[in-house]
Amino acid sequence: MKRTRRTVCTTAALTLALSALLLTEVAHAGKPVGSGKGSDTSEQGGSDKSGTGIYAAAKVTYSGSVAKGGSSGNVTSSDVSWTPPSCWYAPMYGAKEFKKKMSKELKDAASAPGMTGHAGAAINELQRHYEDDYGWTDTPGYKDYNVDKDGEGMFWAAVENPDEPDYLKRTSCSDIPFWVENGEAPPPQYEEAIKPEILAALAYQHMELPKTKVTLAPDGATKVKLPTWAWLDKAAFDDVKATAAINVPGFHLEATTTAKPKSLTLDPGTADATTLPANGECLIVGDTIGEPYAKGKSKETPPCGIVYGRSSAGSTFPLKASLTWEISWTGTGHDVAEAMPDGKIEAVQQVTVEEIQSINR
């Protein structure tokens, strides 16, 4: 008997609860394992050396310039509507291991108090789905958990992004585990199945860019109504790369996200100041963003800088420098770089502004 896939989603929220153990373990599989700039934290997917059907779960691993400890990096997207993936589907279990886990879950659920009526029917339906080839229109059933195909594919299951704060978004990948043959693409109805675009977004989320510190002239303390030159040595901001990968038997995907310095925006920290240029955005010129100050330029107008209109009165002004990076990615099957929203990082440094002293005679 074939039913629409929607039936299983509407008749048994319980179906998802039955897989609670599976999905809990899968959620941990999405958590990055170790990281750090220049590090390589990739892990190889395991193989069924013991003959038990136990395969390594498809953990997303990170390498390159990524945040330490698996946390989110320091990049903020310039597109406020852009967000990294909240969840996805990835290969998780060999057939034998899946049978061991799921059959126990079903047995425990069926023997729990109150499992009658719709709840009992849902348990029975799910059991038939994995054991007796009972399926729906776009979701075929399985015979004995596909044990006779062990090693030829894996059951895929939902993975939660541990850095997604919204519980509903994090748990929105709610389909029950499904089988994918080695070397084959997941069925098209699983739009959140892991793909290079998702890995690129995760690499973006975990990317760690070098901190921004603007060079100023005069350095230390500047003067009211005299231009303060500001610049960044572009050579100190080479392209930065972060890679996210998944590697298990019969399945490998990766994507590398690349950031290139683009422009510097200055916020002087007080309304009594003028930025140069007027919009505060300093573009790359040659090998620098802005222009380094040189002797003899004191009367010139800097292409990147600030003119303060009043002193900081014994205190300081918080100069905020925002460095914008152009972001793109390449990955498995995507050799030509594809654009992503610009990223930016911000840093604040304190600036002392003094009055020009005059001598009265």
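**Exercise 1. In this predicted model, state the handedness of the link of Cys 87 and Cys 173, and work out where its two ends lie and whether they are buried or exposed.**

Solution. Begin with the torsion: the value about the S-S bond is 85 degrees, and the link of Cys 87 and Cys 173 is right-handed. The pair connects distant parts of the chain, since Cys 87 belongs to strand β5 while Cys 173 sits in the loop between α6 (167–170) and β8, with 86 residues separating the two. Next take the distance, which is 2.0 Å from S to S, and compare it with the cut-off of 2.5 Å within which two cysteine sulfur atoms are taken as a disulfide. Finally, consider the surroundings of each end: Cys 87 has a relative accessibility of 7% and therefore counts as buried, and Cys 173, with a relative accessible area of 5%, is buried as well.

**Exercise 2. Find how many disulfides a search of the whole structure gives, and describe the link of Cys 282 and Cys 304.**

Solution. The search of the whole structure returns two disulfides. One of them joins Cys 282 to Cys 304, with an S to S distance of 2.1 Å. This pair also links distant parts of the chain, for Cys 282 lies in strand β15 (residues 281–285) and Cys 304 in the loop between β16 (288–290) and β17 (305–308), 22 residues apart. About its S-S bond the angle is 85 degrees, and the link of Cys 282 and Cys 304 is right-handed. Both Cys 282 and Cys 304 are buried. When the bonded cysteines of the protein are numbered in sequence order, the pairing reads 1-2, 3-4.

**Exercise 3. Determine which strands pair with β7, in what sense and over how many bridges, and say how far β7 is enclosed.**

Solution. Start with strand β5 (residues 87–93), which pairs with β7 in the antiparallel sense over six bridges; within this pairing, Ala 90 has Ala 157 of β7 as its bridge partner. Then turn to strand β8 (residues 178–181), which runs antiparallel to β7 and is joined to β7 by four bridges, Phe 178 of β8 being the bridge partner of Trp 156. As the last step, count the burial along β7 (residues 153–160): seven of its eight residues are buried, so the strand is largely enclosed by the rest of the structure.

**Exercise 4. Compare the span of helix α5 with the expected value, and locate its buried residues around the axis.**

Solution. Helix α5 covers residues 117–131, which is 15 residues, and extends 21 Å from its first C-alpha to its last, close to the 21 Å expected at 1.5 Å a residue. The residues of α5 that are buried are Ala 122, Ile 123, Glu 125, Leu 126, His 129 and Tyr 130. Because these residues cover an arc of only 165 degrees around the axis, they fall on the same side of α5. Just after α5, Asp 133 adopts a positive phi of about 60 degrees.

**Exercise 5. Place these elements in the protein as a whole, using its secondary structure, burial, contacts and exposed area.**

Solution. The secondary structure amounts to seven helices and 19 strands, and buried residues make up 45% of the 361 residues in the protein. Of the contacts with a separation of 6 or more, 76% are between residues 24 or more positions apart. The exposed area of the protein is about 17,900 Å², of which carbon and sulfur atoms supply 52%.

Definitions and conventions: Residues numbered from 1 in each chain as written. Predicted model: local features only at pLDDT ≥ 70, side-chain atom pairs only at ≥ 80, totals over all residues. Heavy atoms only, no water. Expected span 1.5 Å × (residues − 1). Buried < 20%, exposed > 50% of the residue type's maximum accessible area, 1.4 Å probe, protein only. Arc of directions from axis to C-beta. Pairing = 2+ DSSP bridges. Contact = heavy atoms within 4.5 Å. Areas by Shrake-Rupley, 256 points an atom, 1.4 Å probe, with all protein chains shown as cover.
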